Amino acid sequence: MNHGFYEDEPIFDLSRLQDRGSKKWVAMMLPEHVALLRQYSEEIKREPKPELDEWDYDAIQHTLDAAIKSKADTKIKRWINGGFIYNRGTVESVNLQKREIELKDPFYLLSLKLDEIVDVTIMD
């Protein structure tokens, strides 16, 4: 027993529904609530800063020393403002007074802060 107009037409076609997602709720909220929800969603996306111990810092130091000596292609992982940034190039120098390293990639010379570095990998 089929109640549709045609025999193979379903009674209710779910593909015709157009859900607007979260947009339908924003229209019923106060601007203050919308701002708080946006701020909350940005905070959720943030990565917590990795807790490095003495062994991690020692491994980073040894890898940086090897990268300077061999002039090898090196990938440096940094944590800045809740996110990870990756830089790749050759380590030119380490300045302990400024707590920076100079990384040369094919386009320019970068000065990276040592306090932001969470991992160093030699790519060869």
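Glu-116 is placed in the loop between β4 (109-113) and β5 (117-122), where helices (H or I, at least four residues) and strands (E, at least two) are DSSP runs numbered from the N terminus. The model described here is a predicted one, in which local features need pLDDT of at least 70 and side-chain atom pairs count only at pLDDT 80 or more, whereas totals for chains, interfaces and linings use all residues. Residues are numbered from 1 along each chain as its sequence is written, and side-chain values use heavy atoms, with hydrogens and water left out.

Glu-116 counts as buried because its relative accessible area is 18%, the term buried meaning under 20% relative accessible area, exposed over 50%, and partly exposed in between (1.4 Å probe, protein chains only). When neighbours within four places in sequence are left aside, Glu-116 is in contact with Lys-77, Arg-78, Trp-79 and Ile-80, contact being defined as heavy atoms within 4.5 Å. With one of these residues, Arg-78, the side chain of Glu-116 meets in a salt bridge at 3.0 Å, N to O, a salt bridge being a side-chain nitrogen of Lys or Arg within 4 Å of a carboxyl oxygen of Asp or Glu. This pair links distant parts of the chain, since Arg-78 belongs to strand β1 and Glu-116 to the loop between β4 and β5, 38 residues apart.

Arg-78, like its partner, is classed as buried, because its relative accessible area is 11%. Apart from neighbours within four places in sequence, the contacts of Arg-78 are with Gly-83, Phe-84, Ile-85, Asn-87, Leu-112, Glu-116, Ile-117 and Val-118. The C-alpha atoms of Arg-78 and Val-120 are separated by 9.0 Å, although the two residues stand 42 residues apart along the chain.

In the chain as a whole, 3 helices and 5 strands are found, and these follow the pattern α-α-α-β-β-β-β-β when read along the sequence. Of the 124 residues in the protein chain, 19% are buried. Among contacts between residues at least 6 apart in sequence, 47% join residues at least 24 apart. The protein chain exposes about 10300 Å², of which carbon and sulfur atoms supply 54%; accessible areas come from the Shrake-Rupley method with a 1.4 Å probe, and for residues only the protein chains shown count as cover.

A search of the whole structure finds 4 salt bridges, among them the pair formed by Glu-92 and Lys-71, whose closest N and O atoms are 3.7 Å apart. Here too distant parts of the chain are linked, with Glu-92 in strand β2 and Lys-71 in the loop between α3 and β1 (73-80), 21 residues apart. Glu-92 is partly exposed, because its relative accessible area is 30%, and Lys-71 is likewise partly exposed, with a relative accessible area of 45%. A further salt bridge brings together the side chains of Arg-99 and Asp-115 (2.7 Å, N to O). Arg-99 lies in the loop between β2 and β3 (100-104) and Asp-115 in the loop between β4 and β5, so that this pair, 16 residues apart, also links distant parts of the chain. Arg-99 counts as partly exposed, at 39% relative accessibility.

Strand β2 (residues 83-95) also holds Val-91, which counts as buried because its relative accessibility is 0%. Residues up to four places away in sequence not being counted, Val-91 touches Leu-64, Ala-67, Ile-68, Lys-71, Thr-74, Ile-76, Glu-102 and Leu-103. For one of these, Thr-74, the C-alpha to C-alpha separation from Val-91 is 7.1 Å, with their positions 17 residues apart in sequence.

On the surface, Asp-53, Glu-54, Asp-56, Asp-58 and Asp-119 form a negative patch. Patches are made of residues with over 30% relative accessible area and no salt bridge, like charges being joined within 9 Å and nonpolar side chains (Val, Leu, Ile, Met, Phe, Trp, Tyr) within 5 Å. Lys and Arg count as positive and Asp and Glu as negative, while His and the chain ends are not counted; the place of a charge is taken as NZ of Lys, CZ of Arg, CG of Asp or CD of Glu. Helix α3 (residues 54-70) gives the most to the negative patch, with 3 residues. Asp-53 lies in the loop between α2 (31-45) and α3, and it counts as partly exposed because its relative accessibility is 39%.
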